[in-house]
Amino acid sequence: ISLDGGDAADMTDMLGQLDTARAQLQNDRYSRMVVYLNLPEEGQQTYDFMGEIRSVLGRYYEGDYYVVGNSTSSRDLSSFFVSDNLMITILSGLFVILVLLFTFQSVGLPILLIVVIQGSIWINFSIPTFTGEPLYFLGYLIVNAIMMGANIDYAIVISSHYLEKKETMPHKEAIVHAINSAFPTVFTSGTIMASAGLLIG
């Protein structure tokens, strides 16, 4: 077969691409298979099928294999996210309780503040569940940490004002005065955070 100069150059280029592709799929150390699934990237059906792929590979390669890709990453994250998130929530709550314990010299107040703050976080994240909107796990962790950190600051400010004022006035008036005193700080920071969230979203 005789080719002119342009066709010969194209043929040489294509042969080079084929050699590169073959080297990526098979060499002396490994064989690589590319599998395309007519399934969603995430979901129980996809994860079940990946389990079947692993069982078939295990019969031929005796554990010396890796299954990689977006679906694999999603499956691994969904497998470990719940337990890791629970552990992080418990540890962060305990550390915050210890800090508040030394701050207020009280056991009941830190527990009350943590329960209120964690409850508000759960209420916030229940909205996407009820509306059927998916929530990216990394966004959940970031917002969870920000809400816990920011709300603890606000809780300390309000509680400090209340503990200070309740010595000189009735409890109900002390609560109203504490909220009024902390309102400018909470409103300013909350407005900034809400505006940043809207811009990012």
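**Helix α3 and its surroundings in a predicted model**

Q: How far apart are the end C-alpha atoms of helix α3 (residues 70-104), and what span should its 35 residues have?
A: In this predicted model, the expectation for helix α3 follows from its 35 residues, at 1.5 Å a residue. That rise gives an expected span of 51 Å. The separation of the end C-alpha atoms agrees with this expectation, at 48 Å.

Q: On which residue is the kink in α3 centred?
A: The helix α3 contains a kink. The bend amounts to about 40 degrees. Its centre is Phe81.

Q: Which helices are included in what covers the buried residues of α3?
A: The buried residues of α3 include Ser71, Thr72 and Ser74, together with Asn85, Thr89, Gly93, Val96, Leu100 and Phe104. The cover over these buried residues includes α2 (44-61), α4 (108-131) and α5 (137-165).

Q: Is Ser74 buried or exposed?
A: Ser74 belongs to helix α3. Its relative accessible area is 12%. A residue under 20% counts as buried. Ser74 is therefore buried.

Q: With which residues is Ser74 in contact, leaving aside its neighbours within four places in sequence?
A: One partner of Ser74 lies in the loop between α1 and α2, namely Glu42. Glu42 in turn has contacts with Tyr47 and Ser74, its neighbours within four places in sequence being left aside. With the neighbours of Ser74 excluded in that way, its contacts are Glu42 and Tyr47.

Q: What distance separates the C-alpha atoms of Glu42 and Ser71?
A: Glu42 is located in the loop between α1 and α2, whereas Ser71 is one of the buried residues of α3. Along the chain, Glu42 and Ser71 are 29 residues apart. Their C-alpha atoms are separated by 5.9 Å.

Q: Are α2 and α3 roughly parallel or roughly perpendicular to each other?
A: The axes of α2 and α3 come within 10 Å and cross at roughly 105 degrees. Angles of 65 to 115 degrees count as roughly perpendicular. The two helices α2 and α3 are therefore roughly perpendicular.

Q: How do the residues of the contact of α2 with α3 divide into nonpolar, polar and charged?
A: From α2, the residues Thr46, Tyr47, Met50 and Arg54 meet Ser71, Thr72, Ser74, Arg75 and Ser78 of α3. The residues of this contact divide into two nonpolar, five polar and two charged.

Q: Which helices do the buried residues of α4 pack against?
A: Helix α4 has 24 residues and reaches 35 Å from its first C-alpha to its last, close to the 34 Å expected. Its buried residues include Leu113, Ile114, Ile117, Ile121 and Phe125. Those buried residues of α4 pack against α3 and α5.

Q: How far apart are the end C-alpha atoms of α5?
A: Helix α5 has 29 residues, which at 1.5 Å a residue should span 42 Å. Among the buried residues of α5 are Tyr140, Met147, Ile152 and Tyr154. The separation of the end C-alpha atoms of α5 agrees with the expected span, at 42 Å.

Q: Which residue with a positive phi follows α4?
A: After α3 comes Gln105, with a positive phi near 55 degrees. The residue following α4 also has a positive phi, near 75 degrees. That residue is Gly132.

Definitions and conventions:
Residues are numbered from 1 along each chain as its sequence is written. This is a predicted model: local features need pLDDT of at least 70, side-chain atom pairs count only at pLDDT 80 or more; totals for chains, interfaces and linings use all residues. Side-chain values use heavy atoms; hydrogens and water are left out. Helices (H or I, at least four residues) and strands (E, at least two) are DSSP runs, numbered from the N terminus. The expected span of a helix is 1.5 Å times one less than its number of residues. The bend at a residue is the angle between axes fitted to the seven residues ending there and the seven starting there. Buried means under 20% relative accessible area, exposed over 50%, partly exposed in between (1.4 Å probe, protein chains only). Contact means heavy atoms within 4.5 Å. Axes are lines fitted to C-alpha atoms, for helices over the stretch in contact, and angles run from 0 to 180 degrees between N-to-C directions. Angles under 35 degrees count as roughly parallel, over 145 as roughly antiparallel, 65 to 115 as roughly perpendicular and the rest as oblique. Ala, Val, Leu, Ile, Met, Phe, Trp, Tyr, Cys and Pro count as nonpolar, Asp, Glu, Lys and Arg as charged, and the others, Gly among them, as polar.
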